[in-house]
Amino acid sequence: MTRFPLAILVSALMLSNYPLEAQSAPDFAAVDSFVTQVMRADRLPGASLAIVHAGQVVHVRGFGTDGYRRPVTPNSSFTLGSMSKGFTALAIMQLVDRGRVELDAPVQRYLPWFRVADSTASRQITVRHLLLHTSGIPTRARRAAGASRTLTDHVRALAGTALARAPGAGHEYASPNYLVLGAIIEAVTGEPYATYVERSIFAPLQMGHSYTDRTRAIAQGMAKGHVYALGYPRATTLPFEHDRLPTAALISSAQDMAQFLIAQLNAGRYEGARVASSASVEAMHTGGAPSEGFSYAFGWRDGKIGGVRAVHHGGITPNFRGKMVLLPDSGWGVVVLTNASTGIPMPLAPTSHRLADDIAAYLVGVPLPPPTSPHRTRWLALAVVLFGVLASQVRGLWRLRRAPVHTFPGRAWLMAAFDLAVGAVMAIVPPRLLAASWRELPAVAPDLALWLFVVATLCAASALMRIRALARSSVNSTGPRALL
């Protein structure tokens, strides 16, 4: 456990400067106990936590194991998921500060080849639209394919994308917006996105355990991700999305993220370095695109936690999750990184997100909630539903084998068609909803992949049995018969 007693004392003495702040220093031992209990309830293998206040890191600690049977430390690195967008937004605002990018300039000023399906809309989409997710690009816009795909390939793939709405008409969170921003950074600076971020953000913020390359990160102690299978975590290494760094694939540690949060809370400054102007930082944190429960800013969500203003953003990949929270009025910042996730879109709030929100609220005077979790109950309910459907199908096949004929062939044909349709839906729709191919699905959601495969197979078997019985009945001299 790592403590910073002097920093805590300084923070406590400064509390009077923040009227919304609790009037006593937070109990970090209680926070640690809360994290440990929630992790146990959620079967979370590893996590890392950092808390900053008044320009200093006041608490940082690792919990659990990293997937390699090593304890998680504050320097263990994790994939950030969509928290990467905060870095991309910062990079764009650095270029705005230098006069090299204008927020309301059309994207085609920097990427003349940029296109969506509508040529008029292609000319209207601006840098600001991309930052706010108001470009009209839909959440599930077309992506580039192929093992060697690049950031530019993804942006060029948007040429066939029909917009969900006119540019500027409304907010729809869509990661491709930030891929386009990454391409703009490359075009304006003349260097790869990864190189720019390492040089202009990681280096001045002294983020020595942050990476744009996973091979190097693993060599330096990166945690291994996990996927849940019916509620139990399984360590797994998934392909690294080097082509999606600007929106989902940057890698960092809790200690490094604490330094990033300090710069965000300190008007763009960290120790002797300035990574953005105060005006740019304020613009990044100010919501400009209303959505449900928050207003989207530039790579951040502007809303409320614990009854006070909070600027926050989470990140979710198939095997890592995390969330960062800024409380600008009181000078607190929190980040929680975890090494487990799931590809199943269940109504389960990610552990990292609940922890970050609850700890942030605690820092401004809201008591920590009981460390209870619906994790096990909901996974059990899911398992019951999945196995219930399978049991019903197996029972239907058994009955079909024992009583294969009926006097209504039309009904048999209809039921065979229904079985085939259900099997096709199971094989096609869920992977599309999860934005994962059948090749990827077993890695990101092994339980769902197995269930879908078995259900589709049983549906096909049921349809085949009905069709074979119908074929036999057509030549049966006793008259027309059909399958039940």
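1. A good place to start is Trp-413, which is partly exposed, its relative accessible area being 47%. Please keep in mind as you read that this is a predicted model. Trp-413 sits in helix H15, which covers residues 409-433. Together with Leu-420 and Ile-467, Trp-413 makes a nonpolar surface patch of about 290 Å².

2. Next, have a look at Val-107, in the loop that runs between helix H3 (84-97) and helix H4 (119-124). Is this loop residue buried or exposed? Val-107 counts as buried because its relative accessibility is 0%, and the cut-off for that label is under 20%.

3. Which residues does Val-107 touch, once neighbours within four places in sequence are left aside? The contacts are Phe-114, Ile-125, Thr-126, Val-127, Leu-130, Val-180 and Ile-184. For one of these partners, Leu-130, there is also a backbone figure: its C-alpha atom and that of Val-107 are separated by 8.8 Å, with the two residues 23 apart along the chain.

4. Two backbone angles may interest you as well. Arg-43 is not a glycine, yet its phi is positive, near 50°. You will find Arg-43 in the loop between helix H2 (28-41) and strand S2 (46-53).

5. The other angle belongs to Ala-267, again a residue that is not a glycine, with a positive phi of about 55°. Ala-267 is placed in the loop linking helix H11 (254-265) and strand S8 (269-270). With a relative accessibility of 22%, Ala-267 counts as partly exposed, since buried would require a value under 20%.

Methods:
Residues are numbered from 1 along each chain as its sequence is written. This is a predicted model: local features need pLDDT of at least 70, side-chain atom pairs count only at pLDDT 80 or more; totals for chains, interfaces and linings use all residues. Side-chain values use heavy atoms; hydrogens and water are left out. Helices (H or I, at least four residues) and strands (E, at least two) are DSSP runs, numbered from the N terminus. Buried means under 20% relative accessible area, exposed over 50%, partly exposed in between (1.4 Å probe, protein chains only). Contact means heavy atoms within 4.5 Å. Patches are made of residues with over 30% relative accessible area and no salt bridge: like charges are joined within 9 Å, nonpolar side chains (Val, Leu, Ile, Met, Phe, Trp, Tyr) within 5 Å. Accessible areas come from the Shrake-Rupley method with a 1.4 Å probe; for residues, only the protein chains shown count as cover. A salt bridge is a side-chain nitrogen of Lys or Arg within 4 Å of a carboxyl oxygen of Asp or Glu.
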